[in-house]
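I am opening a notebook on a structure that is new to me, and I mean to write down what I look up in the order in which I look it up.

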Amino acid sequence: MGITKTDFMRGMQCRKMLWLDKHKPQYRIIPPETQARLDAGNDFGDRAMGMFGPYEEMTEYRPGTRIPDKKRMAEKTAAHLQLGTPVICEAAFIYYNNYCAADILRKTESGYDFYEVKNAPEVREQFIRDAGFQYYIMNRCRVKIERIYIVTHGPDEEHPFVPVDITEQAKALAPWVNEHIWDLNRMQKEREEIAAEPGEQCTFPYECWYIGYCRGERAKTAEQITIEDI
């Protein structure tokens, strides 16, 4: 059991959030407006794949499911890196079971530039941390990443994508990621539920999907939560 990008970001917001993801996901409640935002972000990301023209997408699913097959994706990515594919989308990397899938890698003369796509009008601190985690994994996998960009949405359909260079900030986060990634790995395996009092971390930078659980508002049991809820 390793740490993904999502695991890391959620664990750094609140350790209990990550523990609940692994041990009590049945209490997760995703508000409709949050799901709509996530869906819009996925749509924006899909559109951005073509921002540099033709590309190769690494996404593979486990048979009969919509669950990403991380191992196959990493193997496919390695093959395309060996080939020198100009644009690779959802490029997957595994380092000691820790995982990330980079939105876009674009070939340069000596390596790749990395583009993290966000459906937002400006760069936010959590986006830089997100990219920093991915840079850490790719760097440990011996992929030479040169420039790092956050791609925000532009002002209109004629200029839908705005890359913002965050190379220095993201690369500088590597020691911070290394400091926390192994601790989160250990913590998520603990059998006893992590204790955490409700506070600012419940809503910043994102509202926690377990906020009702932690506040004792258990309107639904595990048996009552449906697929539509999650």
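The entries below go through the strands, then the cysteines, then the enclosed space.

**Entry 1: the strands**

I kept in mind from the start that this is a predicted model. I began with strand β2, which covers residues 87–95, and asked how many of its residues are buried. The count came to 8 of the 9, so I noted β2 as largely enclosed by the rest of the structure.

I then looked up the partners of β2. Strand β1, residues 56–57, pairs with β2 in the parallel sense over 2 bridges, and within that pairing I found E56 standing opposite I88 of β2. Following the chain from β1 to β2, I passed through helix α4, residues 70–83, and recorded this β-α-β crossover as right-handed.

For strand β3, residues 98–107, I noted that it runs antiparallel to β2 and is joined to it by 8 bridges. One of the residue pairs I wrote down here is F93 with its bridge partner C100 in β3. The two strands β2 and β3 form a hairpin with 2 residues between them, and in that turn I marked Y96, whose phi is positive at about 50°.

**Entry 2: the cysteines**

Having met C100 as the bridge partner of F93, I wanted to know how many disulfides the whole structure holds. My search of the whole structure returned 0 disulfides. C89 is in no disulfide, and its nearest cysteine sulfur, which belongs to C100, lies 14 Å away. I also checked whether C89 is buried or exposed; because its relative accessibility is 0%, it counts as buried.

C202 is likewise in no disulfide, with the sulfur of C214 as its nearest cysteine sulfur at 6.3 Å, whereas a disulfide would need the two sulfur atoms within 2.5 Å. With a relative accessible area of 10%, C202 is buried.

**Entry 3: the cavity**

I next asked how many cavities of 30 Å³ or more the structure holds, and the result was 1. The space in the largest cavity is about 110 Å³. Its lining is made up of 13 residues, and those nearest the centre are C14, K16, C202, C208 and C214, so that C202 and C214 from my second entry appear again here.

Which helix gives the most to this lining? It is α2, with 3 residues; α2 (15–23) and α8 (211–214) each supply at least two. Sorting the lining by type, I recorded 10 nonpolar residues, 1 polar and 2 charged.

Definitions and conventions. Residues are numbered from 1 along each chain as its sequence is written. This is a predicted model: local features need pLDDT of at least 70, side-chain atom pairs count only at pLDDT 80 or more; totals for chains, interfaces and linings use all residues. Side-chain values use heavy atoms; hydrogens and water are left out. Buried means under 20% relative accessible area, exposed over 50%, partly exposed in between (1.4 Å probe, protein chains only). On a 1 Å grid over the protein atoms alone, a cavity is a set of points where a 1.4 Å probe fits but cannot get out, and a pocket is an open set with protein on both sides within 12 Å along at least five of seven lines; lining residues have an atom within 4 Å of a point. Grid points are joined across faces, edges and corners, and a volume is the space filled by probe spheres set on the points. Helices (H or I, at least four residues) and strands (E, at least two) are DSSP runs, numbered from the N terminus. Ala, Val, Leu, Ile, Met, Phe, Trp, Tyr, Cys and Pro count as nonpolar, Asp, Glu, Lys and Arg as charged, and the others, Gly among them, as polar. Two strands pair if DSSP finds at least two bridges between them. A crossover is right-handed if, with the strands pointing away from the viewer, the path from the first strand over the helix to the second runs clockwise.
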